[in-house]
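Open the model in a viewer and keep the selection tool at hand. The stops below go from empty spaces to helix pairs and end in two loops.

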Amino acid sequence: MGRVTRTVLRCLPLAAVVLTAVFALAGPWLPVHSPTAQVGAPFEPASWEHPLGTDFLGRDALARTVHGGRSIVLQALAATALGSVVGLLAGTFAGLAGRGPATGALRVVDGLAAVPPLLVMLLIAAGRPGSEAAVFVAVTVVSLPFSVRVVSEATRRLAGLSYVRTALARGDSRFAVIRHDVLPNIVREAWAEAGIRFIAATQLCATAGFLGLGAPAPAANWGRLVRENAAGAVVNPWPVLAPAALLVVLALGATLAADRLTSPGGHPRGERSVVT
């Protein structure tokens with residue numbers, strides 16, 4: 001029984017992320033009220049008909065919350081996937097190139113990392129008002145330097161080992177060395193970086209919604225819901241608490257799930273030990 005309990009507890013973070021993501025993605029197909037129709041007075045309290053009450057325009061708060069997570073989760077997943085692929089490619093090649101050739105490229109990466117992420121996002125997304133694609137590009141760009149740095153440092157530690165030097169000396173291409181000798185040994189770092197990237201992406205996407213970037217109103221966004229209903233939180237706090245709680249659950253669950261995947265006993269299958 002103790003073993004079953006421990007297994008359940010280990011799976012809870014991943015289950016929280018999956019359930020929250022499914023809830024967000026399936027929102028438009030759930031049997032709720034229209035997210036744009038006025039169904040009552042502003043900030044009505046919770047009731048059987050409206051479990052979260054109404055928002056500042058009298059719309060059903062549950063429907064707004066259900067529809068508000070889809071864009072955030074899709075943008076965060078897409079930004080995480082694209083950023084991870086680009087970060088792995090750029091980071092591994094920079095790590096194998098050695099300190100001389102890679103120094104200039106990494107200094108550019110460090111310069112980009114020094115720019116405040118929110119400023120970069122505002123410059124990119126504000127230039128294309130109402131564009132979800134602009135928010136996606138901005139979120140990917142601001143988190144890419146960190147990915148390149150993490151992967152390049154992990155690759156550089158492996159580049160000095162004998163089995164990597166031997167593979168390069170016998171004429172193996174850098175792509176082959178990365179595929180067969182480097183990537184299997186940085187899986188743990190890659191998963192950890194992707195988990196951090198996903199958490200940051202969800203928070204940045206929510207921040208974009210809070211600032212009014214991306215799809216304009218009346219489109220629902222968990223970040224926008226918090227801003228729109230903050231003034232009436234004393235009368236009816238649920239339109240603010242519900243989307244904020246879902247963002248917290250998504251971030252905390254992703255953190256614990258990434259920690260579990262990258263722990264010594266829980267790393268993803270396929271990783272192999274370094275052979276020197």
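Which element gives the largest share of the lining of the largest cavity? The answer is H9, with 3 residues. The model is a predicted one, and every stop below refers to that prediction.

**Stop 1: the cavity**

Select Glu132, Leu213, Gly214, Ala215 and Asn221, which lie nearest the centre of the largest cavity. In total, 14 residues line the largest cavity. Its volume is about 60 Å³, and the structure holds 1 cavity of 30 Å³ or more. Now colour H3, H6 and H9, the elements that give two or more residues to this lining. By class, the lining of the largest cavity consists of 7 nonpolar, 5 polar and 2 charged residues.

**Stop 2: the largest pocket**

Next, select Thr80, Trp191, Ala194, Gly195 and Phe198. Among the 20 residues that line the largest pocket, these five lie nearest its centre. The space in the largest pocket comes to about 390 Å³. To see where the lining comes from, show helix H1 (2-25), helix H3 (70-97), helix H6 (132-159), helix H9 (187-210) and helix H11 (238-262), each of which gives two or more residues. H9 makes the largest share of this lining, with 6 residues. Of the residues that line the largest pocket, 15 are nonpolar, 4 are polar and 1 is charged.

**Stop 3: the second largest pocket**

Keep H6 and H9 on display, since each supplies at least two residues to the lining of the second largest pocket. Add Ala113, Val115 and Pro117, which are among the lining residues of the second largest pocket. Then add Val142, Ser143, Pro145 and Phe146, also part of this lining. Glu193, Ile196, Arg197, Ala200 and Leu204 complete the selection. The volume of the second largest pocket is about 160 Å³. Which element supplies the largest share of the lining of the second largest pocket? That element is H9, with 5 residues. The lining divides by class into 9 nonpolar, 1 polar and 2 charged residues.

**Stop 4: H3 against H6**

Hide the pockets and look at helix pairs. Two packed helices are described by the angle between their axes and the distance between the axes. For H3 and H6, the axes come within 6 Å and cross at roughly 35 degrees. The crossing of H3 over H6 is right-handed. In the contact of H3 with H6 there are 15 nonpolar, 11 polar and 2 charged residues.

**Stop 5: H9 against H10**

Move on to H9 and helix H10 (222-229). At what angle do H9 and H10 pack? The angle is about 40 degrees, with the axes 6 Å apart. H9 and H10 are therefore oblique to each other, and their crossing is right-handed. To view the contact, select Ala206, Gly209 and Phe210 on H9, together with Gly223, Arg224, Val226 and Arg227 on H10. The residues of this contact of H9 with H10 are 3 nonpolar, 2 polar and 2 charged.

**Stop 6: H7 against H8**

Select residues 162-169 for helix H7 and residues 174-182 for helix H8. Their axes come within 10 Å and cross at roughly 150 degrees, which makes H7 roughly antiparallel to H8. H7 passes H8 in a right-handed crossing. From H7, the contact takes in Tyr163, Val164, Ala167 and Leu168. From H8, Arg174, Val177 and Asp181 take part. The contact of H7 with H8 has 5 nonpolar, no polar and 2 charged residues.

**Stop 7: two backbone details**

Most residues other than glycine have a negative phi, and most peptide bonds are trans. Two places in the loops are worth a look with that in mind.

Select Ala217 and Pro218 first. Is the peptide bond from Ala217 to Pro218 cis or trans? The bond is cis, with omega near 15 degrees. Pro218 sits in the loop between H9 and H10.

For the last selection, take Phe43, in the loop between H1 and helix H2 (61-67). Phe43 is not a glycine, yet it has a positive phi of about 55 degrees.

Definitions and conventions. Residues are numbered from 1 along each chain as its sequence is written. This is a predicted model: local features need pLDDT of at least 70, side-chain atom pairs count only at pLDDT 80 or more; totals for chains, interfaces and linings use all residues. Side-chain values use heavy atoms; hydrogens and water are left out. Axes are lines fitted to C-alpha atoms, for helices over the stretch in contact, and angles run from 0 to 180 degrees between N-to-C directions. Helices (H or I, at least four residues) and strands (E, at least two) are DSSP runs, numbered from the N terminus. Angles under 35 degrees count as roughly parallel, over 145 as roughly antiparallel, 65 to 115 as roughly perpendicular and the rest as oblique. A crossing is left-handed if the near helix is turned anticlockwise from the far one by less than a right angle, and right-handed if clockwise. Contact means heavy atoms within 4.5 Å. Ala, Val, Leu, Ile, Met, Phe, Trp, Tyr, Cys and Pro count as nonpolar, Asp, Glu, Lys and Arg as charged, and the others, Gly among them, as polar. On a 1 Å grid over the protein atoms alone, a cavity is a set of points where a 1.4 Å probe fits but cannot get out, and a pocket is an open set with protein on both sides within 12 Å along at least five of seven lines; lining residues have an atom within 4 Å of a point. Grid points are joined across faces, edges and corners, and a volume is the space filled by probe spheres set on the points.
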